[in-house]
Amino acid sequence: MGCKHMYAAVRGLPYTQIYVTGRSLYPLQIILREIVLQNSASSETGDPNEVNVIQVLIKYCVIMMSIIPMMVLYPFIQKYFVSGVMIGSIKG
C-alpha cells in the first residue's frame with residue numbers, strides 16, 4: 001500500500017509543471033530537479049574530468065539544499081514526534 005502511494009507521488013511530480021503556471025509556486029523538488037537537469041545539459045563541453053566533478057558537486061549541493069530545511073525545523077517539532085511515539089507505544 002505504501003509503495004503505491006510513493007509511486008503515485010513520484011509519478012505526479014512532472015504534473016506540477018503542467019498545472020502550476022507560475023514559476024514562483026513550484027515546489028522545492030521541481031526547482032532542484034531543474035537545476036540538476038540544466039547543469040547536465042550545459043556541461044557537455046569542456047574537460048570531461050572537470051565537468052564530471054562539477055556535476056557531482058552540484059548534485060551534492062542540491063541534496064544538501066533539500067535536507068537543510070528539515071534539519072533546521074526538526075529540533076522545534078521534535079517534542080511532537082516523541083509524544084506521538086509515546087502515545088502509540090505498547091505498555092507492558
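Trainee: How much surface does the protein chain expose, and which atoms supply 69% of it?
Mentor: This is a predicted model. The protein chain exposes about 7900 Å², and 69% of that area is supplied by carbon and sulfur atoms.

Trainee: What share of the residues counts as buried?
Mentor: A residue is called buried when its relative accessible area is under 20%. Here 11% of the 92 residues of the protein chain fall in that class.

Trainee: Which secondary structure elements does the chain have?
Mentor: The protein chain has four helices and zero strands. Read from the N terminus, the order is α-α-α-α.

Trainee: How far should I trust the coordinates?
Mentor: Predicted coordinates should not be read in detail where pLDDT is low. The average pLDDT of the protein chain is 74, and 65% of the residues score at least 70. Among the elements, helix H1 (residues 2–11) has the lowest mean, 62, while H4 has the highest, 80.

Trainee: Which residues make the nonpolar surface patch?
Mentor: The patch covers about 1100 Å². Its members are Val53, Val56, Leu57, Tyr60, Ile63, Met64, Ile67, Ile68, Met71, Val72 and Phe76. One of them, Val53, is found in helix H4, which spans residues 48–88.

Trainee: Why is Val53 classed as partly exposed?
Mentor: The class between buried and exposed runs from 20% to 50% relative accessible area. Val53 is partly exposed because its relative accessible area is 48%.

Trainee: What part of the contacts joins residues 24 or more positions apart?
Mentor: Counting contacts in the protein chain with a separation of 6 or more, such pairs account for 23%.

Notes. Residues are numbered from 1 along each chain as its sequence is written. This is a predicted model: local features need pLDDT of at least 70, side-chain atom pairs count only at pLDDT 80 or more; totals for chains, interfaces and linings use all residues. Side-chain values use heavy atoms; hydrogens and water are left out. Patches are made of residues with over 30% relative accessible area and no salt bridge: like charges are joined within 9 Å, nonpolar side chains (Val, Leu, Ile, Met, Phe, Trp, Tyr) within 5 Å. Accessible areas come from the Shrake-Rupley method with a 1.4 Å probe; for residues, only the protein chains shown count as cover. A salt bridge is a side-chain nitrogen of Lys or Arg within 4 Å of a carboxyl oxygen of Asp or Glu. Helices (H or I, at least four residues) and strands (E, at least two) are DSSP runs, numbered from the N terminus. Buried means under 20% relative accessible area, exposed over 50%, partly exposed in between (1.4 Å probe, protein chains only). Contact means heavy atoms within 4.5 Å. pLDDT is the predictor's confidence in each residue, from 0 to 100.
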